[in-house]
Amino acid sequence: MNTTKALKMGFSDRLYFVCVTAVAIAALLIVLYPMYFIVIASFSNSNMVNQGLVKLIPKGINFFGYRKIMERADLWLGYGNTILYTVAGTLLNLAVTLPAAYVLAQSRFKARRFLMTLFVITMYFGGGMVPTYMLVKTLHLTNSPYVMIIMGAVSVYNLIITRTFFENSIPVELQEAAWLDGCSHIRYFWSIVLPLSRAVISVILLYYAVGHWNDFFTALLYLNKDEYQPLQIILRNILISNQAMAGTTGAGEGSYAQQYADQVKFAVIIVSTVPVLCIYPFIQKYFEKGVMIGAVKG
């Protein structure tokens, strides 16, 4: 807000502006401080952290947790697997969700309401874990990296967001003009709809990518081979092994081991979340617009 507008505001407007700014700053601090605390706790003395002595400034700086993680050769294998699963899985998600949403947004498609009802039913009812495992095993996808890419190929929630965007943000007149120029559905979808849908594409891309990055339950159920394990499973194994080491040592050694086990725990959080946080600034502009469109018109 520039100075001229600020001078023209009345007392009530200024009071409202101050209150909103204060609430926004408070919300920002509430969100940022836990993240900041995890960062400084990951290389601070865990005894001081547990005693509440570490609040704003790290104390007893020690990078044992990060060294312990980086020493694991399987960590880099897990990183490579997770990046592969995230990239390939997200591309598959977009390749399925975007065309399906475009078709379901066509008012001339008479079966769209029936098909949309079938999609929505799957949000509330599922076959369960055992039938799903039997199906995956029948398809020979157990102990295969393809299960990490194919499982959850479409999210009905993201499909609804995308369909709503296509219905409310892409003018029908634009499609009619394209048809008059001899444009087919595929050409119209590829050359006109997708370039105009960067906001919603950024939203569902981030949702899908974060889902693939954090997915460990699928690997826990269907993958037994170590060479296919994603990052989250490897980090989980590191946590379990360090907690077990801290619990089986002697009284004096146990507290010492527990101190470093806590450092490993905080370091694991940083290692697993930083890559996703680095992606967000590049799509923040489109993400904010897409989320607001889905919230207002969804």
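In this predicted model, the number of disulfides comes to zero when a pair of cysteine sulfur atoms has to lie within 2.5 Å to be counted. Two of the cysteines can still be placed by their accessibility: Cys19, at 42% relative accessibility, counts as partly exposed, whereas Cys183 counts as buried because its value is 18%, and the limit for buried is under 20%.

From the cysteines one can turn to the packing of nonpolar side chains. The largest nonpolar core has 22 residues, and those with the most contacts inside it are Leu98, Tyr102, Phe166, Tyr188, Phe189 and Val193. At least two residues of this core come from each of helix 5 (73-104), helix 9 (156-169), helix 11 (185-193) and helix 12 (198-214), with helix 5 giving the most, namely five residues. Within this setting Phe189 touches Leu98, Pro99, Tyr102 and Leu194, when residues up to four places away in sequence are not counted. Apart from this core lies another, of 21 residues, which includes Ala41, Tyr79, Val264 and Ala267. In soluble globular proteins, nonpolar side chains tend to be buried together.

Helix 2 (residues 11-41) allows a check on its geometry. With 31 residues and 1.5 Å a residue, helix 2 should span 45 Å, and its end C-alpha atoms are 44 Å apart, so the expected span and the model agree. Helix 2 nevertheless carries a kink of about 30 degrees at Leu32, shortly before the proline Pro34.

Technical notes: Residues numbered from 1 in each chain as written. Predicted model: local features only at pLDDT ≥ 70, side-chain atom pairs only at ≥ 80, totals over all residues. Heavy atoms only, no water. Core = buried A, V, L, I, M, F, W, Y, C linked by side-chain atoms within 4.5 Å. Buried < 20%, exposed > 50% of the residue type's maximum accessible area, 1.4 Å probe, protein only. Helix = DSSP H or I, 4+ residues; strand = E, 2+ residues; numbered from the N terminus. Contact = heavy atoms within 4.5 Å. Expected span 1.5 Å × (residues − 1). Bend = angle between axes of the 7 residues up to and from the residue.
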